[in-house]
Each structure stands twice: as structure tokens, then as C-alpha cells.
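Subject: The structure I promised you

Hi,

Here is the structure we talked about. Have a look at it first, and then read my notes below.

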Amino acid sequence: FSSLVVVVEGASATVTIVRGGGSQGNASVSWFLVDQTGDLTPTSGTVTFTPGQTSAQFSITAVDDMIPEFQEVYRVMLINATDGSRLNTTGLLVANISIPANHYPCGLFV
């Protein structure tokens, strides 16, 4: 799982999920945003792996709301592994998505 993904407002970023151990058969895992404020879309999804596939990606977009904001950090969590796969209980199940400060949150002098 990507540990930190940075995305600016109005753009998309790619999050990578790694399938460790074996890669036989189909498997899927779901993800969701723990902190849902409307700044990122989509807020959940499912990634499917085909036989032999060891990594997969999904995209997430930061909505350009034109509101001055300081850096925001959101958490994405993996849940519901299927088809005989399991979540690694000792590994990284949470990724952070960071939206940098934007639209001059401390003001813009002109």
C-alpha cells in the first residue's frame, strides 16, 4: 500500500496496493476514506487482482473547491479481502493522502 500520496486540488493521484505472498487466482480488496469531508473523490472502491498480478492501482481526485486551506491529510484503509486472500495484520493497511496548502490560506497581499 502506498504510504503517502500527495495530490493538489483539481488533480488526481494514484494509490498502489501490493499483493504479497501468493498471486494465484483472483482476489479483491476494498478501500475507503476514513476521513470523508468532500475534498476527495471517490470515497471508496474495490480493486481486483487477476492470477499472477501482484500490484494494482486506483485513482483519487482532490476537488478544487477554491477555498483557502492549510495542508490536509486523509487516511485510506483497506478492508474486505476476498477469494481466499487476507489482510496483512502486521503490515500497512492505511495510506495517507495529502493535499498541500492552497489558495493562500494566510492571505494574499496585492
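Let me start with an arginine. The side chain of Arg-19 reaches the backbone oxygen of Thr-50 at 3.2 Å, and it also gets to the backbone oxygen of Gln-53 at 3.4 Å. Keep in mind that this is a predicted model, so every distance here is computed from it.

Where does Arg-19 sit? You'll find Arg-19 in the loop between S2 and S3. Arg-19 is buried yet has no salt bridge; the nearest side chain of opposite charge belongs to Asp-83, 7.9 Å away. A salt bridge would need a side-chain nitrogen within 4 Å of a carboxyl oxygen. Leaving aside neighbours within four places in sequence, Arg-19 touches Gln-24, Gly-25, Asn-26 and Ala-27, and also Phe-49, Thr-50, Gln-53 and Thr-54. Thr-50 and Gln-53, whose backbone oxygens the side chain reaches, are thus both among its contacts.

So which residues do form a salt bridge? Asp-35 and Arg-75 do, through their side chains, at 3.2 Å from N to O, and the structure holds one salt bridge. The pair links distant parts of the chain: Asp-35 is in the loop between S3 and S4, while Arg-75 is in strand S7, 40 residues apart. Both ends are partly exposed: Asp-35 has a relative accessible area of 24%, and Arg-75 comes in at 38%. As a reminder, side chains of opposite charge can pair when their charged atoms come close.

Now the overall picture. The protein has zero helices and eight strands, so reading from the N terminus the elements simply go β-β-β-β-β-β-β-β. The C-alpha atoms fill a box of roughly 60 × 25 × 20 Å along the principal axes. Buried residues make up 30% of the 110 residues. Of the contacts with a separation of 6 or more, 68% are between residues 24 or more positions apart.

Three of the strands form an open sheet in the order S2-S6-S4, with antiparallel pairing. S2 and S4 stand at the edges with a single partner strand each, so one side of each is left without a neighbour in the sheet. S2 and S6 pair over seven bridges, and Ile-17 has Ala-56 as its bridge partner in S6. Strand S4 (residues 40-41) pairs with S6 over two bridges, and there Thr-41 stands opposite Thr-61.

Strand S6 (residues 55-62) deserves a look in your viewer. Which of its residues are on the covered face? They are Ala-56, Phe-58, Ile-60 and Ala-62, whereas Ser-55, Gln-57, Ser-59 and Thr-61 are on the uncovered one. In a regular strand the side chains alternate between the two faces of the sheet.

On the S2 side, try Ala-13, which lies in strand S2 (residues 12-18). Is Ala-13 buried or exposed? Ala-13 has a relative accessible area of 8%, and because the cut-off for buried is under 20%, Ala-13 counts as buried. Outside its neighbours within four places in sequence, Ala-13 is in contact with Val-5, Val-6 and Val-7, and with Phe-58, Ser-59 and Ile-60. Phe-58 is 45 residues away from Ala-13 in sequence, but the two are 8.4 Å apart in space, C-alpha to C-alpha.

Last, the nonpolar core. The largest one has 22 residues, and those with the most contacts inside it are Phe-1, Ile-17, Leu-40, Phe-58 and Ile-97. The elements that give two or more residues to this core are S2, S3 (27-33), S5 (44-49), S6, S7 (72-79) and S8 (94-99). S6 gives the most, with four residues. In soluble globular proteins, nonpolar side chains tend to be buried together. Take Ile-97 as one to click on: leaving aside neighbours within four places in sequence, its contacts include Val-5, Val-7, Val-15, Leu-40 and Ile-60, along with Val-73, Tyr-74 and Val-76. Glu-72 is also in contact with Ile-97.

Happy to go through any of this over coffee.

Cheers

Terms used: Residues are numbered from 1 along each chain as its sequence is written. This is a predicted model: local features need pLDDT of at least 70, side-chain atom pairs count only at pLDDT 80 or more; totals for chains, interfaces and linings use all residues. Side-chain values use heavy atoms; hydrogens and water are left out. Buried means under 20% relative accessible area, exposed over 50%, partly exposed in between (1.4 Å probe, protein chains only). Contact means heavy atoms within 4.5 Å. Two strands pair if DSSP finds at least two bridges between them. A nonpolar core is a set of buried Ala, Val, Leu, Ile, Met, Phe, Trp, Tyr and Cys residues joined through side-chain atoms within 4.5 Å. Lys and Arg count as positive and Asp and Glu as negative; His and the chain ends are not counted. A polar contact is a pair of N or O atoms within 3.5 Å; within protein, one must be able to donate a hydrogen and the other to accept it, and residues adjacent in sequence count only if both atoms are side-chain atoms.
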